[in-house]
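Reader: Please take one part of this model and look at it closely, strand by strand and side chain by side chain. I would like the cut-offs behind each term as you go.

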Amino acid sequence: MAKRALVVGINDYAPIGAGGPDLRGCVNDARDMANTLVICGFPAANIRILTDRNATRANISNLLASLVAGAVAGDSIVLFYSGHGTRVANVGADFEVDGLDEAICPHDFASAGVMKDDDFKALFAGLKTGVNLEVIFDCCHSGTGTRLLVVEGGGMFFDEADQYTGARFVAPMLEDEFYFTHQNELGKRGKSLHTTRALVPVAGLNHTLWAACKDNQVSMEGPINGQTRGYFTYHFCRCLRAVNGNIKRSLLDTQVANALSAMGAAQRNQTESQTAEFSQTIFS
């Protein structure tokens with residue numbers, strides 16, 4: 001059984017250097033995740049890492065497509081992403097709203113575009129039966145309900161001790177925000193603004209999604225042990241390392257949720273998969 005992973009962490013958004021909606025903790029998250037995967041039995045040679053200017057839309061898409069295509073029954077593969085998230089309107093040819101797509105933001109998203117959940121669905125469609133795929137996203141899955149949390153210049157906040165914290169969220173384009181706000185008037189229910197944080201069973205899903213927050217929340221980063229880190233990734237990796245990856249998904253979900261709650265984080269993680277997968281060990 002082969003174990004392979006694609007690990008993506010983006011602090012520096014185009015243009016290179018100061019000027020993009022930059023973050024601070026995502027490369028640290030990528031390093032921690034890669035090291036944690038090694039502890040969990042992934043050979044270092046089988047882990048591809050993309051950070052900052054290398055984490056373009058084309059590079060992420062091509063490496064992910066290769067990762068999926070090369071996996072055979074019994075293999076365990078991982079996609080980890082730490083960076084900005086956003087939401088975009090799913091507008092059909094008849095210009096009617098059909099819900100809202102969550103999306104991640106590659107380094108060059110301003111010119112190359114975001115990667116929507118529909119894009120990932122298409123990439124995962126070729127996954128062979130018997131391949132285990134874990135998708136781990138530490139980014140915001142939030143819509144217009146958290147728009148006011150975004151501060152021009154990258155969503156920076158400072159706590160009482162004048163320490164940086166930040167939301168990993170890029171505000172939607174006007175048209176996306178408009179369609180989402182008026183989805184009921186336009187005759188489509190779209191996606192609910194509120195989702196209960198829990199193990200969410202999804203029939204037919206061919207992977208497990210580990211989301212850092214609900215779809216109406218922002219995912220935060222801030223100082224932890226002298227480094228800026230994503231709150232979700234920090235606790236996710238810490239829980240995995242404690243047992244060398246030998247943990248059932250339901251228990252891992254609970255441990256991460258409890259850790260986020262104990263630190264007072266406003267976000268709540270959410271895990272989605274087929275029901276039977278929740279009682280199985282991660283990476284198997």
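Author: Among contacts in the protein between residues at least 6 apart in sequence, 75% join residues at least 24 apart; a contact here is a pair of heavy atoms within 4.5 Å. The model is predicted, with local features taken at pLDDT of at least 70 and side-chain atom pairs at pLDDT 80 or more, while totals for chains, interfaces and linings use all residues. Residues are numbered from 1 along each chain as its sequence is written, and side-chain values rest on heavy atoms, without hydrogens or water.

The protein has seven helices and 14 strands, which are DSSP runs numbered from the N terminus (H or I over at least four residues for a helix, E over at least two for a strand). Of its 284 residues, 51% are buried. Buried means under 20% relative accessible area and exposed over 50%, with partly exposed in between (1.4 Å probe, protein chains only).

The part chosen is strand S11 and its surroundings. S11 covers residues 208–211 and is buried on both faces, with Thr 208 and Trp 210 on one side and Leu 209 and Ala 211 on the other. Strands count as paired when DSSP finds at least two bridges between them. S11 pairs with S7 (residues 132–138) in the parallel sense, over four bridges. Within that pairing, Glu 134 stands opposite Thr 208 and Phe 137 opposite Ala 211. S11 is also joined to S14 (residues 270–273), here antiparallel and through three bridges. The bridge partner of Leu 209 in S14 is Glu 272.

S7 deserves the same attention. Seven of its seven residues are buried, so the strand is largely enclosed by the rest of the structure. One face carries Asn 132, Glu 134, Ile 136 and Asp 138, and the other Leu 133, Val 135 and Phe 137. S7 pairs with S3 (residues 76–82) as well, in the parallel sense and over seven bridges. In that pairing Phe 80 of S3 stands opposite Ile 136.

One residue in contact with Trp 210 of S11 is Leu 252. Leu 252 sits in helix H7, residues 249–262, and counts as buried because its relative accessibility is 0%. Apart from residues up to four places away in sequence, Leu 252 also touches Phe 236, Cys 239, Leu 240, Ile 247 and Ile 282. Its C-alpha lies 7.7 Å from that of Leu 240, with their positions 12 residues apart in sequence.

Helix H7 holds Leu 260 too, which is buried because its relative accessibility is 0%. With neighbours within four places left aside, Leu 260 is in contact with Tyr 231, Phe 232, His 235, Ala 265, Gln 267 and Asn 269. Phe 232 is 28 residues from Leu 260 in sequence, and the C-alpha atoms are 7.1 Å apart.

Two cysteines follow S7 and S11 in the numbering: Cys 140 and Cys 213. A disulfide is a covalent bond between the sulfur atoms of two cysteines. It is assigned here to cysteine sulfur atoms within 2.5 Å, and by that rule the count comes to zero. The closest cysteine sulfur to that of Cys 140 belongs to Cys 213 at 5.5 Å, so it is too far for a bond. Both count as buried: Cys 140 has a relative accessible area of 1%, and Cys 213 is at 2%.

There is also a pocket to consider, the second largest, with about 230 Å³ of space. Asn 132, a residue of S7, is among those closest to its centre, as are Val 131, Asn 206, His 207 and Glu 277. The lining has 16 residues, of which four are nonpolar, nine polar and three charged. A pocket is an open set of points on a 1 Å grid over the protein atoms alone, where a 1.4 Å probe fits, with protein on both sides within 12 Å along at least five of seven lines; lining residues have an atom within 4 Å of a point. Points are joined across faces, edges and corners, and the volume is the space filled by probe spheres set on them. Ala, Val, Leu, Ile, Met, Phe, Trp, Tyr, Cys and Pro count as nonpolar, Asp, Glu, Lys and Arg as charged, and the others, Gly among them, as polar.
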